[in-house]
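Hi everyone, thanks for coming along. Today I'd like to walk you through a protein model, strand by strand. Have a look at the picture first, and then we'll start.

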Amino acid sequence: MQIDLSGKTVLVTGAASGIGRATALAFGEAGARVAVNHLGRRREAEAVVAYLRERGVRAIACKADVTDRRQIDAMIDAATAALDGIDMLINNAGIVLERPFLDMREDEWDRVINTDLKGVFLCCQAVLPAMVARGHGCIINIASELGYLGRAGYTAYTSAKAGVIALTRSLAREFAPAIRINAIAPGPVATEMLDPALMSPAVIAHEVDIPMGRLGRPEEIATTAVFLASTHAAFYCGQTLGPNGGALMT
């Protein structure tokens, strides 16, 4: 399946590493102009931009905290000016926290919810007016299969990702047909979020106990995003695709 996104601009949040990095590269390979968002990871983001530019892709790095409306607005303005507007938004930025529920502090809950859910709300609200004015656009929100399954010790993360799925459905109903809004709920993927130094051995063992018997690769999530942004997915609206290795079957 040949996908051509030339003439389009994508903004990928949290694109300095992991799924975001793979997604930025995949959209560039499909011909899109790429805005690479990061927060304090300038070197990694600029490496992504340099890789894309070497291949003839127009790309810029944009530092912004997705929990801060003013920083988001500045990022949108910079990307719009440099790359001729934003046609596609990939809300990928997120954090994870493993914490027993009764031990979780309020500020820890707020930090996860603000990044993983409020950040999606703010970025969508920032790009949608221009998309509506243009009469077209595409938004893809990165959720998680844990938004369906839940997991002990991950209450804030799973709650935020369930909220992303519900937010996606509501926005899809509100802005279709001009703007298509969908989500991706990956299963366990080999990224920094599954760093053994950050997660308990029991959780790591659980992650690979799925039918496919392995962690996913960031590129496998990225190709799903490219598909959803393409004309091949023109009839997808409010859907949540699940490249998850069989961790969740619906």
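Let me begin with one word that I'll use a lot: a residue is called buried when its relative accessible area is under 20%. Keep in mind, too, that what you see is a predicted model.

Now, with that word in hand, how many of the residues of strand β6 are buried? The answer is six of its six residues, so by that under-20% cut-off the strand, which covers residues 179–184, is mostly covered.

Which way do these residues point? I179, I181 and A183 point one way from β6, while R180, N182 and I184 point the other way. There is a general pattern behind this: in a regular strand the side chains alternate between the two faces of the sheet. Notice that R180 and N182 are buried along with the others.

Next, who are the neighbours of β6? Strand β5, residues 137–142, runs parallel to β6, and six bridges join the two. To find your place, C138 stands opposite R180, and I139 stands opposite I181. Strand β7, residues 240–241, also pairs with β6 in the parallel sense, here over two bridges. There, I184 stands opposite L241.

Let's zoom out to the whole sheet. It is an open sheet of seven strands in the order β3-β2-β1-β4-β5-β6-β7, with parallel pairing. Which strands are at the edges? They are β3, residues 59–63, and β7, and each of them pairs on one side only. As a general reminder, strands of a sheet pair through backbone hydrogen bonds, either parallel or antiparallel.

Now please find β1, residues 9–12. T9 and L11 point one way from β1, V10 and V12 point the other way, and all are buried. Strand β2, residues 33–38, pairs with β1 in the parallel sense over four bridges, and V10 stands opposite V34 there. β1 also pairs with β4, residues 88–91, again in the parallel sense, over three bridges. In that pairing, L11 stands opposite L89. And if you follow the chain from β1 through helix α1, residues 18–29, to β2, you trace a right-handed β-α-β unit.

So much for the strands; let's see what packs around them. The largest nonpolar core has 37 residues, and those that touch the most other members are L5, V10, F27, V34, V36, M88 and I140. Two or more residues each come from β1, α1, β2, α2 (42–54), β4, β5 and α8 (218–229). Which element gives the largest share? That is α8, with seven residues. Apart from this core lies another one, of 31 residues, including I72, V127, I139 and V164. The general idea is that in soluble globular proteins, nonpolar side chains tend to be buried together.

Let me pick out I140 from the larger core. Leaving aside neighbours within four places in sequence, I140 is in contact with L89, I90, N91, N182, I184, A225, L228 and A229.

You may have spotted N91 in that list. N91 lies in strand β4. Is N91 buried or exposed? Its relative accessible area is 3%, so N91 is buried. Not counting residues up to four places away in sequence, N91 touches T13, G119, V120, C123, C124, I139, I140, N141 and I142.

What about aromatic pairs? The structure holds one. The rings of F227 and Y236 have their centres 5.4 Å apart and their planes at 85°, so this pair is edge-to-face. Y236 has 29% relative accessibility, so Y236 counts as partly exposed.

Two backbone details before I stop. The peptide bond from A176 to P177 is cis, with omega near 5°, and P177 is found in the loop between α6 (155–175) and β6. Then there is D84, which has a positive phi of about 65° although it is not a glycine. D84 is found in the loop between α3 (69–83) and β4, and at 42% relative accessibility it counts as partly exposed.

Finally, a word about the record. An unreviewed UniProt entry lists "domain: Ketoreductase" for residues 8–187. In the model, that span is 52% helix and 17% strand, and its end C-alpha atoms lie 28 Å apart.

Thanks for listening, and I'm happy to go back to any part of the picture!

How values were computed. Residues numbered from 1 in each chain as written. Predicted model: local features only at pLDDT ≥ 70, side-chain atom pairs only at ≥ 80, totals over all residues. Heavy atoms only, no water. UniProt positions renumbered as here; feature names shortened; annotations may be inferred. Buried < 20%, exposed > 50% of the residue type's maximum accessible area, 1.4 Å probe, protein only. Pairing = 2+ DSSP bridges. Right-handed = clockwise from strand over helix to strand, strands pointing away. Core = buried A, V, L, I, M, F, W, Y, C linked by side-chain atoms within 4.5 Å. Contact = heavy atoms within 4.5 Å. Phe/Tyr/Trp six-rings, centres within 6.5 Å; stacked < 30°, edge-to-face > 60°.
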